[in-house]
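Please open the structure in a viewer and keep the sequence panel visible. The tour below proceeds by selections, each followed by a description of what is found there.

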Amino acid sequence: MFGFGMPEMIIVLVIALVVVGPAKLPQLGQALGSSIKNFKKASAGEDVVQLNEEKKA
């Protein structure tokens, strides 16, 4: 349904570069990556296990 090829990805990157600017783009990518990582950890239930272990200690 939403097939993203190379031309579409280039267009999205150019728009992001214009809107955000070249100086902030790496910071935006890092924040987005860490947000996705934290979301995956929370949805997998790893966060709950860590909280239970911290309460026992």
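The stops run from the whole chain to single residues.

**Whole chain.** Select everything and colour by confidence. This is a predicted model, and the mean pLDDT of the protein is 79, with 75% of the residues scoring at least 70. In a cartoon view, the protein shows 3 helices and 0 strands, and the order of elements from the N terminus is α-α-α. Next, display the surface. Its accessible area comes to about 5,300 Å², and carbon and sulfur atoms account for 69% of that area. Of the 57 residues, 2% count as buried.

**Helix H1.** Select residues 6-20, which form helix H1. Among the elements of the protein, H1 has the highest mean pLDDT, 89. How far apart are the end C-alpha atoms of H1? They are 21 Å apart, which agrees with the expected span of 21 Å, because 15 residues are counted at 1.5 Å a residue. Extend the selection to Gly-21, which follows H1 and has a positive phi, near 100°.

**The nonpolar patch.** Select Phe-4, Met-6, Met-9, Ile-10, Ile-11, Val-14, Ile-15, Val-18, Val-19, Val-20 and Leu-28. Together these residues form a nonpolar patch on the surface, with about 1,100 Å² of accessible area. Which element contributes the largest share of the patch? Helix H1 does, with 9 residues.

Within this selection, pick Ile-11, a residue of helix H1. Is Ile-11 buried or exposed? Its relative accessibility is 51%, so Ile-11 counts as exposed, the cut-off being over 50%.

Then pick Leu-28, another member of the patch, which lies in helix H2. Leu-28 has a relative accessible area of 44% and is therefore partly exposed. Add Ala-16 and draw a distance between the two C-alpha atoms: Leu-28 and Ala-16 are 9.8 Å apart in space and 12 residues apart in sequence.

**Helix H2.** Select residues 25-44, the 20 residues of helix H2. At 1.5 Å a residue, H2 should span 28 Å; the end C-alpha atoms are 29 Å apart, which agrees. Continue to Gly-45, which follows H2 with a positive phi, near 90°.

**Helix H3.** Finally, select residues 46-56, which make up helix H3. Among the elements of the protein, H3 has the lowest mean pLDDT, 55. Where pLDDT is low, predicted coordinates should not be read in detail.

Notes. Residues numbered from 1 in each chain as written. Predicted model: local features only at pLDDT ≥ 70, side-chain atom pairs only at ≥ 80, totals over all residues. Heavy atoms only, no water. Helix = DSSP H or I, 4+ residues; strand = E, 2+ residues; numbered from the N terminus. Expected span 1.5 Å × (residues − 1). Patch = residues over 30% accessible without salt bridge, like charges linked within 9 Å, V, L, I, M, F, W, Y side chains within 5 Å. Areas by Shrake-Rupley, 256 points an atom, 1.4 Å probe, with all protein chains shown as cover. Salt bridge = Lys/Arg side-chain N within 4 Å of Asp/Glu carboxyl O. Buried < 20%, exposed > 50% of the residue type's maximum accessible area, 1.4 Å probe, protein only. pLDDT = per-residue confidence, 0-100.
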